[in-house]
Amino acid sequence: MTDNQNLSLRSVITQIADQLCDTIDNNFDIHVAVDTPDTEGQKLALLVNFLLENVRRSLDDMQSLNMQLEDKVKERTSLLDLILAGSNDGVWIWDIANDELTLSGRWYSMLELPHDANTQSPEFWLQQIHPADRGRFRDAIKRLRKGESEHLNVEYRVKTAHQGYRWMLCRGVCQKDNNQQCSIVAGTQTDISAMRIFDQESGMTNERYLRERVEDAITEEQSLFLVYVTVENIDAILTSSEHPSNAMLYPIIQERLSKVSNLHLVASKLSAITFAVMGFESELAATNLTIEDVCQQLRDNCANTQRTFDDEIRFEVAVGAVVSSMLRIEQSQQLINYAWSALRRARQLGQTCIFTEAHISQDSRRMRVEKELRRSLMKNALAPDYQAIYQGKTKTLEGFEALARFRHAELGTVSPGEFIPIAEDAGLMRELGYSILDSTIATIKQWQSGVLRDHPFYIAVNVSAIQLQDPYFADNVLAKLEGANVSPSRLKLEVTESTLVESFKHAAEQIDKLRQQGVRIALDDFGTGYSSLSYLRSLAIDTLKIDRSFVANLHENKQKSAIIKTVYELATELDLSVVAEGVEEAEELDFLNSIGDMAIQGFLLARPLPADEAIDQLPRGTY
Amino acid sequence: MIGIIQQVLLELLDQHGGNELKQRVLKAANVDPSINYRIDKNYSDDECLRLINAAVIETGLSETTVYQHYATAFLKKAQALFPRFFEIADDSEGFLLRQARIHAVMASGLKRQDERQHVNDKFTATSIEPGKVRVIYRSANGLCRLYQALAFEVAALYDDEIEFEEPCCMHQGAVHCEFLISWPNKRQEVACD
């Protein structure tokens, strides 16, 4: 290469290098030109321009790709926003390395908190969670960070700005760094209160919510009161008016149960007809109200008629209440049990019941009776007493009535007035009924082959409503009689109006079936109900039992004697036999005998006695 | 067009017909007889076309023959100037796939900034499948037969056998020319695999 050529090439290189300096600002949009006739110099310029063009094209491609990616990100972000808005969930992102928590606006609004654009510490989150749920939340986070679980899935309560709380479902997932350590955890928070603490049908808070609130108050040593309310006439309202469902009644009930003076009450639905109202004693004191006042106002609210759905609705309620400061309460469940107990008493007594210490010992006795009754029924250790029934004029034995008795070694003799309501509440009436029936059939079998083998006697057994609702009741009774080889005519079943009210049609079918096979039927307590006469028309029976309330002192009471005479004449017209119950005085017996031929049951002629004694003490000549 | 194209043509004329033929062609094409085409500069397409037409007329050869001679000379010159482009490609398929981009980038690179706007690449080449390449040629110059001659010359350079089809041609009224170049031996190999 000559010196001139060298010089020319050096010049080319310098020209190109100078022009390439323009790329300092990332400007590759330049055209390199050289002033040389030398082909190699031109080649170099050509290839530099070639390189620049390649750079430009690559940059254009990258920019185009970047724009496509940005569009894609925008599109996906927009979709994600739409999905999150649709789910109504809050979003959280926890940068573990920096210990920073980013929370979405929705996350704050779920807790009724103002939106804070700044990041928070994880402790802030923890403080919003109910103290009882924090441990569970911490454990779930720990498991996720350790890789023991792939997803975070934990439920907890968060306090809201209005002294309440809501249930949240928190879901999340961990992003790991190059060392497989959890670097970011992110996810959503879903409000699941509607599922957890609200009754779907009524929109009222449910029993779970009430329990949790009570538990919180007890834990925080806040004195509170609970009022349990049963609306006794919901069925009647629905039957008599045109409301399509009781769901339409719930808003009215809720309104009436929530408005007592200026108290902040929480009304919860416990069952289709039972509701609870919770409040704090501090508010009672502040408003100079007593628990009795609250109960009375609730009763008044419910009794107030209100024009709704073109109808006037008046709720008949039973109200039972408990105040935590009046009792030694250690656990929330105690208070809830006491509230139920107060309500049960209120329903039985037909008046408001405020639970006190005295009720606790009564409940204790009640629980003991229930437990022992259940045990006796399981061991078949319950034996009825039998009270003889005689023909009034001839004193001839007609039969007996089996009367449920509960004798216990430690409890002593428990009266039917005590144990029958307990059996009803405990759902033991079916077992109790069959137990007495079994004993009675066994007694009939024993007596018909013993001293009464030549005498046509019967034993009457009371039948409960729950037994008559059993579609197999008649079949069961007949099977038991057949199994014991006892004639159906030896058995008389006594039903009352209240027994029939539940489902008359079904009860009548069972009664007809029994009667067709020879079992006799007596209508017990006749005259005490509202529609005794209508039952006479629609129910096939054999005997009328005149209630003891008409018999007592009838010889001194013209109205009673007139009624009994009329009933007797009616029974005679209908070919029904008559039994007068509760005959205790000789004058009563004489008067009844003067009316006509009827059977007599009462202490005057016989007391209820255990089977052996009842048969031993039958006077000679009566059978 | 990049000056190398005209430079190769004039060198070829000079080589086969001497300076006298070269000057006749320059004159017939109405180009400055003293012109020295530079390889790092763009020249007008129209001028180039005039030179090619004049070369066909003045040599008395058929257009195809002129293209064949030109293709041989052009590749020889290109290989001498840019041997690396030829080394990078394993075979003629690889080269022709790159050729479109080399041509486009080189041509565009030599244009000034304002000339680059709204100029589309004349060539695009895509692989349809192994052993088959589609080339789209969308220049108003209509030098599709020159491209065909060059394609066969490239194949010969790599000792490859190709089949060349032109299902669309601007001379037939199409918006662009389309070349389908196949390497039957290579496709058989693929089929055997």
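Let me begin with two residues of chain A, Glu53(A) and Arg56(A), both of which are buried, where buried means under 20% relative accessible area, exposed over 50%, and partly exposed in between, taken with a 1.4 Å probe and protein chains only. Before going on, I should say that this is a predicted model, in which local features need pLDDT of at least 70 and side-chain atom pairs count only at pLDDT 80 or more, while totals for chains, interfaces and linings use all residues. Residues are numbered from 1 along each chain as its sequence is written, chains are lettered from A and ligands numbered from 1 in the order in which they are written, and side-chain values use heavy atoms, with hydrogens and water left out.

Back to that pair: Glu53(A) forms a salt bridge with Arg56(A), with the closest N and O atoms 2.6 Å apart, and by salt bridge I mean a side-chain nitrogen of Lys or Arg within 4 Å of a carboxyl oxygen of Asp or Glu. About one helical turn separates Glu53(A) and Arg56(A), because they are three residues apart in helix H2 (residues 39-87) of chain A; helices here are DSSP runs of H or I with at least four residues, strands are runs of E with at least two, and both are numbered from the N terminus.

Other salt bridges join parts of a chain that are distant in sequence. Asp199(A) pairs with Lys269(A), the closest N and O atoms being 3.2 Å apart, and this links the loop between helix H6 (193-196) and strand S6 (205-206) of chain A, which holds Asp199(A), to strand S8 (residues 266-269) of chain A, which holds Lys269(A), 70 residues apart. Asp199(A) counts as buried because its relative accessibility is 18%, and Lys269(A) is buried too, with a relative accessible area of 9%.

In chain B, the side chains of Lys77(B) and Glu11(B) meet in a salt bridge at 3.2 Å, N to O, and here helix H3 (residues 63-81) of chain B, with Lys77(B), is linked to helix H1 (residues 3-28) of chain B, with Glu11(B), the two residues being 66 residues apart. Lys77(B) is buried at 19%, whereas Glu11(B), at 39% relative accessibility, counts as partly exposed. Over all chains the structure holds 41 salt bridges, and a network of them links Arg344(A), Arg345(A), Asp363(A), Arg366(A) and Asp425(A).

How many salt bridges does the rule find across the interface of chain A and chain B? The rule finds zero there, although five residue pairs, both members at pLDDT 80 or more, are in polar contact between the two chains, that is, a pair of N or O atoms within 3.5 Å, where within protein one must be able to donate a hydrogen and the other to accept it, and residues adjacent in sequence count only if both atoms are side-chain atoms. The contact, meaning heavy atoms within 4.5 Å, takes 18 residues from chain A and 19 residues from chain B.

Finally, the interior. The largest nonpolar core has 80 residues, of which Phe400(A), Trp447(A) and Leu493(A) touch the most other members; such a core is a set of buried Ala, Val, Leu, Ile, Met, Phe, Trp, Tyr and Cys residues joined through side-chain atoms within 4.5 Å. Helix H15 (residues 429-448) of chain A gives the most to this core, with eight residues. Another core, of 67 residues, lies apart from it and includes Leu13(B), Ala89(B), Leu143(B) and Cys169(B).
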